[in-house]
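Got your viewer open? Let's take a short walk through a protein, one selection at a time.

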Amino acid sequence: MNRVAITGMGVVSALGNDVETFRRALLEGRDGLQPPEGLEDVPKGISVVGQVRGFDAEARLGKDRLPLLDPFAQFGLAAADEAIAMAGLDLRADPEAGQRTACIIGTGGAGISTLQDGFTRLFKEGKSRVNPFTVPRAMGNAACSHVTMAHGITGPSFAVTSACASANHAIGLGFHMVRGGMVDRAVVGGTDALVNFGNLKAWEALRVVARDTCRPFSKDRTGMVVGEGAGVFVMERWDDAVARGVPILAEMIGFGMSADAGDITFPSVEGASRAVRACLDDAGLAPTDVDHINAHGTATAANDATEAQVIRAVFGDHTDRIAVTSTKSAHGHGLGAAGGLELVACIVALQAGVVPATLHVSEVDPDCPLDVVTNAPRRTAVTVALSNSFAFGGLNAVLAVRKAG
Amino acid sequence: MSDLEQKIYDIVVDKTEIPRERLSREASIKDLEISSLDFVEIVFAVEEEFDIEVPYNANTMDADFETLGDVIDAVAAEVAKQG
């Protein structure tokens, strides 16, 4: 089995539209949640969102491409461009390498804003035609396909969808493909563009959105905050990365998944615990090896208390020595992008020796007995970090990374 | 019993199949074992029926609505606001 190095990452998010801005924001404890901007109308039940702002699509992607790109594909492609450039790869120039590269990009909402624009024209404005590219813009594999086209990736490529766990499933699958030798490298991650009126109405209707802001593990939490963005990575065989002499950001070491086969929205301690244990087994880790967990931490009443039980169940007494955080408090719940944004946050933690803060915590809920890094980043050595994603529909995916070197 | 109360009980029976005789102003939502998803559906149906918006958040459900009477009062208050 190949050791797997992460040699590139890219991010688009409410905390910034490149890795360096995102990193600084996390290390400074900046809050990216604000009232929605640029919408004609905002649902009453939505106070703040983790909206991508100041994203210059034309400058990043070129004007010619934009008619075919829903925002979810724009975010995914921009993050992939950054990750591939960081890894110093030019697959277009090396068709054989392109064939030995996989591309897996997860998404939850796919082209939901393109569909909404079409329906608005038909049913609200009374027009008879929709955007001619509605189908190729909205399809769930659009982001993945555009990444392959832009970069000459001609190996195994597809999109995955598992709501809030989409990115972790995509990243984990790519990791296993490189580790097992099916491909030499993989471009993997998740993307979603969710701050639009129709989607915000859908979340409002489910009655799980925070009244004020995202307060994971806090006693006074009132729900999740919708976010968006993309987090994309380049993974390759460790020996290739060393031979190429590129900086290794982190080592990808574990991936575990499970299904609750329980409730469509309520999480299960048993199901999620199996995913965490499967990840530890996959990585060859003992529970005591884990220093930090970037939690699913949505700040719903149900998730956070369940997740605390999951962590207690798997890690026992060692739980008290694990610095737990939910960066969703700063960038919102990116759904299909969440695992991507949060793996970038984990890698920042490994590199900087700083665990990003869980913002907006007034008092840690006694029902969430964890060492939550509250309100300000914490300086502490981090060698091994986990990133949890427990999706609606009971589909769980957990990743493990280790500090490079 | 007011029409409003009756209509709300009809909606609860329709969404949950709980026998009508178990429903009263004093009935506890927890004791009736109404799941949070059923409750979301109930609130939606009530809002559609009365053309109102009920300030309900699943995360704070226990604190906001303990009994069916609490729901009925909240709906009555919103209906009164509509004038």
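Here is the tour, starting with one strand and moving out to the domains.

This is a predicted model: local features need pLDDT of at least 70, side-chain atom pairs count only at pLDDT 80 or more, and totals for chains, interfaces and linings use all residues. Residues are numbered from 1 along each chain as its sequence is written, while chains are lettered from A and ligands numbered from 1 in the order in which they are written.

**Stop 1: strand S4.** Select residues 185-192 of chain A, which form strand S4. (Helices, H or I with at least four residues, and strands, E with at least two, are DSSP runs numbered from the N terminus.) Are its residues buried or exposed? Eight of the eight are buried, so S4(A) is largely enclosed by the rest of the structure. Buried means 20 or more other C-beta atoms within 10 Å of the residue's own, with C-beta atoms placed from the backbone. Arg185(A), Val187(A), Gly189(A) and Thr191(A) point one way, and Ala186(A), Val188(A), Gly190(A) and Asp192(A) the other.

**Stop 2: its partners.** Add residues 101-106, strand S2 of chain A, which pairs with S4(A) in the parallel sense over six bridges. (Pairing takes at least two DSSP bridges.) Look for Ala102(A) opposite Ala186(A). Next add strand S5 of chain A, residues 229-237, which pairs with S4(A) in the antiparallel sense over eight bridges. Here Val232(A) is the bridge partner of Gly189(A).

**Stop 3: two domains.** Colour 4-244 as domain 1 and 254-403 as domain 2 of chain A; such bounds come from an automatic or database domain assignment. Their C-alpha centres lie 20 Å apart.

Conventions
A residue is buried if 20 or more other C-beta atoms lie within 10 Å of its own, exposed if 12 or fewer, and partly exposed in between; C-beta atoms are placed from the backbone.
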